[in-house]
Amino acid sequence: MRHYTLIAPAKINLYLEIIGDRPDGYHELVMILQSIDLADQIDIQASSTDAIRVRCNHPQVPTDKSNLAYRAAELMATEFPDAYAKYGGVDITITKRIPIAAGLAGGSTNAAAVLVGIDLLWNLGLTQSELEELGAILGSDVPFCVAGGTAIATGRGEQLSPLPSLDTIYIVLAKYRSLEVSTPWAYKTYRQEFGSSYLTDKDSLAARANAVHSGTMVKAILHKDAREIAQKLHNDLEKVVLPAYPQVLQLRETFANQEGVLGTMMSGSGPTVFALCESKQQAEQLQLHVREAIPDQDLELFVTQLITHGIKVR
Ligand code: C5P
């Protein structure tokens with residue numbers, strides 16, 4: 001029986017600016033997304049029935065339709081009924097390493113891996129942009145997770161322009177296991193507090209996106225200048241998450257006060273906070289220092305690095 005093992009990396013946001021509202025209830029964003037070397041493994045194979053089955057080693061990950069990986073398989077079955085009839089259902093096994101509900105796109109990257117895996121399993125020969133279009137139906141971060149690397153994301157987050165890849169920068173991630181921040185809450189609260197300054201007309205929205213395209217963060221990425229990238233980290237959602245979640249603020253401040261940190265920021269809607277470092281050794285030192293500063297068993301820390309790819313077949 002054919003079987004594929006896929007590597008599904010997490011992402012961080014090097015930049016997240018909320019620029020306006022959208023008629024679909026989402027927000028117009030300008031983001032710079034970056035894949036990191038912290039990944040789940042997705043094993044996918046044809047099942048002997050027409051059922052879609054999801055298994056996961058993490059007890060808090062649902063295995064029903066509320067799992068985006070399940071919905072990705074269901075979407076493929078709906079979009080390609082002939083292939084579904086020919087090849088039958090799929091068994092999906094998720095081996096989780098990415099912390100869940102963390103602002104690291106764990107669910108989105110699992111869904112992206114299922115799209116890529118079923119494309120292979122059913123010999124569909126889909127292009128990257130076709131896979132990204134399918135991904136956009138599932139969630140705003142899914143298209144980026146397909147190809148990964150470094151990219152500017154606009155619109156809802158699904159319109160991508162690739163940037164030259166970054167890889168030699170190391171990061172430390174910190175997340176309290178029991179702490180979750182609801183993404184809809186974060187965006188809704190942001191709208192309540194800052195909605196009056198949203199840009200509304202098309203030209204202004206496009207001008208703002210263009211300003212980021214030609215701005216200092218993108219220049220720093222083009223020069224692969226880790227120090228400058230770290231200085232330009234930005235996330236509008238920090239304005240609502242940090243005041244409401246003292247533990248996230250504490251992680252942010254703890255990182256900011258440590259030696260060897262080039263810059264620190266919350267990823268996505270949080271609650272994960274990351275710090276950029278110039279070397280693996282510095283990142284490992286930083287991990288030790290943060291562990292000493294916050295000796296709480298609930299705090300998870302990871303040392304990893306920026307990578308140049310999204311979903312990969314092992
Ligand atoms: O697309 P996704 O399901 O990942 O988005 C999760 C939630 O984040 C949405 O329900 C919405 O509340 C918020 N969101 C938003 N604008 C975006 C992306 C996400 O308001 N561009």
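**Ligand, domains and unusual backbone angles in a predicted model**

User: What makes the pairing of a nitrogen atom of the ligand with a polar backbone atom of Arg156 a polar contact?

Analyst: In this predicted model, the ligand nitrogen is 2.9 Å from that backbone atom of Arg156. The cut-off for N or O atoms is 3.5 Å, and 2.9 Å falls within it, so the pair is called a polar contact.

User: Which other residues have a polar atom set against a nitrogen or oxygen atom of the ligand?

Analyst: His27 and Ser140 do. A polar backbone atom of His27 is 2.8 Å from a ligand nitrogen, while for Ser140 a polar side-chain atom lies 2.6 Å from a ligand oxygen. Both values are within 3.5 Å, so these pairs also count as polar contacts. The residues around the ligand include, in addition, Tyr26, Leu29, Gly139, Thr183, Pro184 and Tyr187.

User: Why is the meeting of Asp21 and Arg191 called a salt bridge?

Analyst: The N to O distance between these side chains is 2.8 Å. The rule asks for an Arg or Lys side-chain nitrogen within 4 Å of a carboxyl oxygen of Asp or Glu, and the pair therefore qualifies.

User: How do you know that domain 1 and domain 2 touch?

Analyst: Domain 1 spans 3-164 and domain 2 spans 170-305, and their C-alpha centres lie 22 Å apart. Contact is judged by heavy atoms within 4.5 Å; by that test, 36 residues of domain 1 meet 37 residues of domain 2. The area buried between the two domains is about 3100 Å², with 66% given by carbon and sulfur atoms.

User: How many salt bridges and polar contacts cross the interface of domain 1 and domain 2?

Analyst: The rule finds two salt bridges across the interface, and 16 residue pairs are in polar contact there. On the domain 1 side, β1 (3-21), β2 (27-46), β5 (150-155) and β6 (159-163) each give two or more residues. The largest share, eleven residues, comes from β1. By class, this side has 20 nonpolar, ten polar and six charged residues.

User: What makes the phi of Ala101 notable?

Analyst: Most residues other than glycine have a negative phi. Ala101 has a positive phi, near 45 degrees, and it lies in the loop between β4 (90-95) and α3 (106-121).

User: Why is the peptide bond from Gly270 to Pro271 singled out?

Analyst: Most peptide bonds are trans. The bond from Gly270 to Pro271 is cis, with omega near 5 degrees. Pro271 is placed in the loop between β9 (263-266) and β10 (273-277).

Definitions and conventions:
Residues numbered from 1 in each chain as written. Predicted model: local features only at pLDDT ≥ 70, side-chain atom pairs only at ≥ 80, totals over all residues. Heavy atoms only, no water. Domains from an automatic or database assignment. Buried area = accessible area lost by both parts, 1.4 Å probe. Polar contact = N/O pair within 3.5 Å; in protein donor to acceptor, adjacent residues only side chain to side chain. Helix = DSSP H or I, 4+ residues; strand = E, 2+ residues; numbered from the N terminus. Nonpolar A, V, L, I, M, F, W, Y, C, P; charged D, E, K, R; others polar. Near = heavy atom within 4 Å.
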